Structure formats: C-alpha cells, structure tokens
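Trainee: I am new to this model and would like a close look at a single part of it. Could you take me carefully through the surface that faces the DNA, and then show me how that part sits in the whole?

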2 protein chains.
Amino acid sequence: MVIAVAGLRERKKEQTRRRIAEVALRLFTERGFDAVTVNEIAEAAEVAKATLFAYFPTKESLALHGVGGDPLAEIVARRPPGQTFLEALRAHYRAFAAAQPPEADLDALLARVRVIQSSPALQNAANALLYQQRQALAQVLADEYGPTAAALMAAQVAASLLALQETYFQRLLSGASAEDVARALRQDVELAFDLLQHGLEYVEGR
Amino acid sequence: MVIAVAGLRERKKEQTRRRIAEVALRLFTERGFDAVTVNEIAEAAEVAKATLFAYFPTKESLALHGVGGDPLAEIVARRPPGQTFLEALRAHYRAFAAAQPPEADLDALLARVRVIQSSPALQNAANALLYQQRQALAQVLADEYGPTAAALMAAQVAASLLALQETYFQRLLSGASAEDVARALRQDVELAFDLLQHGLEYVEGR
DNA sequence: GCAATAACCATACTCGGTTCAATAACGAAC
DNA sequence: GTTCGTTATTGAACCGAGTATGGTTATTGC
C-alpha cells in the first residue's frame, strides 16, 4: 500500500514557493529590504516576476510570511469557560515568554528582525498585520461587551502586544545575552497585562 | 503704515499649494482615492507632476493634509502640574466632544472621512500618522515611568484614541443625526478614558 | 495516448515617485 | 529699468512595484 503522497504538481508548487521565499529572505538579509528589487528576487529564484506575485501578493509579504504573530481572536474564542479573555491572553504570552527558544531559531529570528527593522515600509506592513488581528479580536469581544467597548479593548490589547514585541526586538538587537532578554521579556509580559487589567492608574500609584 | 505682506513669491507658492490640495480633494471626493491618478491631479491643477511632489511627498498626503489629529505629546507635556497625563488628555478630548462643530465644517469632515474610508492604503497611512504620535508620547512619558512602561502606556492611549476616532467616523457615516453622534461621542470619550484609567477589569466587573 | 487543466513564462503596460538639466519668474541691488 | 543671483517650475526620461495577456509546457485523469 502506497501512502497517497501529494501530487507532483503540488510538490513542485511547494518547492517553488519555498525557493522564492528563501531566496528573498537571503537577499533581504544580505542587503536590506529596500536595496533588493523584486526583479532580482525573481531572477535569483529563476521564476518570472508574474510567478513570484502569484505566490506572494506584495514585496512586503516576502519578508513577513510566517510573521503573523499569534491569532489573538482564536486564543480568546477558545479559552476555557470561566476564564476572562485577558487571563487567557496572559497565560498564552506567559507561556511563550517562559519557553526558551533554541539557539538556531533565535539566530533566524534575529536575522528576520534585522530585516524588518531595515525598512519603514516593512514596519508599517507588520503593523497592518496586527491591525487585522485587532479587528478580529474586536469582533469576538463584541458579543460580550458591545461593539464600542470591544473595539476599545481590542485596540488596547493589540497595541500593547505590538509595543511588547517592539521592546522584545529592541532587546534582541541590543546584543544582550539570551538569558537577559528572556528575563526581561517575562517581566514585560507581566507589566503589559497588569497595565491592561488594572489600568494606567496601576503604575501611576506606583 | 503698510502691513508687511508676504512677498509675491510666497503668495504664489501658497496659491499653488492650495490649488493642488483643493483639486486633489475634489477629485478624490468625486471618484474615490484609488480611481484618481496623480497625473490627473497634476493636470487638473495645471502643474507638472514634479511640482506636485515638491509640495506633497506622497499621494496619501494629498488626502490627509491637516488630518494629523491632536498632538498628544504636546498636550501631555504642557499639562498643569499636579495633573496626571491621562487627566490632561481626558480633559482635552472631553472639550473636543463638547464642542459642536458647525454644519459647514461637518460636511467637509464627512467628505474627508468618506475619502479616507474609500481606500485601505489611505487608512494605513492615517494609522501611520498616529503611530508617530505614539512614539512622541512614549518619549515624553519615558522620563516619568521608564521606557518600557511608557511605551506600553503610549501604545494603549494612541490605540484607544484611534479606535475612538474610527467609531466616531462610523457614526458619522451611518447617517445618524448630528446630535446623536455628538452625544454618543461624549459617552465614548468617557468610556475610553475610564478603560484606560481603570483597566479592562473596569468593564469586566460591570 | 489524449484532452483538460494548471503552472509558468515573456512581454508590455500602469502608476507612484525621483532625477535632472533647462527655463521662467521673482527679488534685490545698482 | 537693467542686471544678476536665487528659486519655483517644467518636461521628459527613468525606476520599481504590481497587473494583464496570450501563449507554452507539464501534470493529471481518463
């Protein structure tokens, strides 16, 4: 009995997609996002430009594929009953911060972060990604809290997590040791959620 | 005694700038942002494309000039002593919500909102504007609260105000009466700042 | 084998934005 | 009111991202 493997067509498609993505990331890493044209990427990946854009809708998506971040709306929607949505998110990010990423992944992440930081256009694109998550989260929360409060809460949460991510990236780029970065991240996660939960007066009152 | 009027050169520049801006806004209003090319705008304003881009750095800026929003960092920096930064912001937005804009301005605002809503690219650009304010605010707050907490707080505040603005725009577009929109805005402002001040548990606990 | 389908390619195009050399308009000084 | 340096403006060529198209090749299901 032969395991039904994906058709040759599908496998080739996947190959092409990966080849494009890898070549793009390599070039971006070597020279920065803005200094690489999509024509170059297409040429180096040995595909036509039209093919490249059949796989990735924009140049930005070439650098950001797989960097979507965690699906906030899902985490909230799937939380166990009795848990507030904020508790669910805190638990998720606490777990993320507790998990020490292996060296190799960290190098790759660092390269990715450097690429993203290399172009304002890319940073905007990354923000736009979170913007969509914000809306999805607002929709999930709307049933419980009404549309206006839900929109406000989702905005606060999404913005906090974006700020958290930026701080994390900066710490990574600053050259601090992996342990220090991880420790700071754990603290920052707690601070971010404390602020969200108890409001800005939480810090104001020291 | 003659009032020292601006030189002819300066006046012409101002004229050109205004002509470009007005033509652009008119075309955007008529056909939507994406359906108008900068070539058309330049032609209709009777300037060369290069001249247009000498006045406005991007196509988006043609639709967003003057829509910067309130300078959060300044409001906070100039607050009277003894007032928390959040109180200062709340007072500012409360005053804004209390002021009934005159009919004519409201029509112009509505047109502007419709244009902005007509293109995702424009909405992203508008977001990016607030993003800069966020960073300026974070810098002002950093002295008092440290960089990490400041970044988180600024992010929450900026995101809340963006959400507030979006809700306001939606209410305007929904065709509700000006009084209803104004009343809802006053409520929303209080809700937004209550959430910021006391945290999400403020609503969670009802 | 043999069509139907889907990936792929080359090419030309649109549009936003930049560059640059040439020119026109202004301001100030004589 | 002529001259001269400055500055706004122009036109036209150029770049890069993204789209449209019509044709070619390879896989698939029969």
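Mentor: What follows goes through the DNA-facing surface one strand at a time and then turns to the chains that carry it.

A word on the conventions comes first. This is a predicted model, in which local features need pLDDT of at least 70 and side-chain atom pairs count only at pLDDT 80 or more, while totals for chains, interfaces and linings use all residues. Residues are numbered from 1 along each chain as its sequence is written, chains are lettered from A and ligands numbered from 1 in the order in which they are written, and side-chain values use heavy atoms, with hydrogens and water left out.

Let us begin with DNA strand C. A residue is counted as near a strand if one of its heavy atoms lies within 4 Å of it, and 22 residues surround DNA strand C, the closest being A:Arg9, A:Tyr55, B:Lys12, B:Lys49 and B:Lys59. Of the atoms of this strand within 4 Å of the protein, 66% belong to sugar or phosphate, and the rest belong to bases. One base is reached by A:Arg9, where a polar side-chain atom lies 2.8 Å from a base oxygen of DNA strand C; a polar contact here is a pair of N or O atoms within 3.5 Å, and within protein one of them must be able to donate a hydrogen and the other to accept it, with residues adjacent in sequence counting only if both atoms are side-chain atoms. The backbone takes part as well: an N or O atom of the A:Ala48 backbone lies 3.0 Å from a phosphate oxygen of DNA strand C, and a backbone N or O atom of A:Glu46 lies 3.5 Å from a phosphate oxygen of that strand. The elements giving two or more residues to this surface are helix 1 and helix 3 of chain A, together with helix 1, helix 3 and helix 4 (59–64) of chain B; helices are DSSP runs of H or I with at least four residues, strands are runs of E with at least two, and both are numbered from the N terminus.

DNA strand D comes next. It too has 22 residues around it, of which A:Leu8, A:Lys49, A:Lys59, B:Thr51 and B:Tyr55 come nearest. Sugar or phosphate accounts for 65% of the atoms of DNA strand D within 4 Å of the protein, and bases for the rest. An N or O atom in the side chain of A:Lys12 is 2.7 Å from a phosphate oxygen of DNA strand D. From chain B, polar side-chain atoms of B:Lys13 and B:Thr16 lie 3.1 Å and 3.3 Å, respectively, from a phosphate oxygen of this strand. Two or more residues of the surface near DNA strand D come from each of helix 1 (8–31), helix 3 (49–55) and helix 4 (59–64) of chain A, and from each of helix 1 (8–31) and helix 3 (49–55) of chain B. By class, this surface divides into nine nonpolar, five polar and eight charged residues, where Ala, Val, Leu, Ile, Met, Phe, Trp, Tyr, Cys and Pro count as nonpolar, Asp, Glu, Lys and Arg as charged, and the others, Gly among them, as polar. The surface near DNA strand C likewise has nine nonpolar, five polar and eight charged residues.

How are the two chains related? Superposed by least squares on the C-alpha atoms of residues with pLDDT of at least 70 in both, chain A can be laid on chain B with an RMSD of 0.1 Å by a turn of 180° and a shift of 0.0 Å along the axis. The two copies are therefore related as by a two-fold rotation axis. The C-alpha of chain A nearest that axis belongs to A:Gly199, at 1.6 Å. Both copies use the same surface, since 100% of the contact residues of chain A recur in chain B, contact meaning heavy atoms within 4.5 Å.

Within chain A, the secondary structure comes to 11 helices and zero strands. An automatic or database assignment sets the domain bounds, and for chain A it gives domain 1 (8–62) and domain 2 (72–204). The C-alpha centres of these domains of chain A lie 29 Å apart, and seven residues of domain 1 are in contact with eight residues of domain 2.
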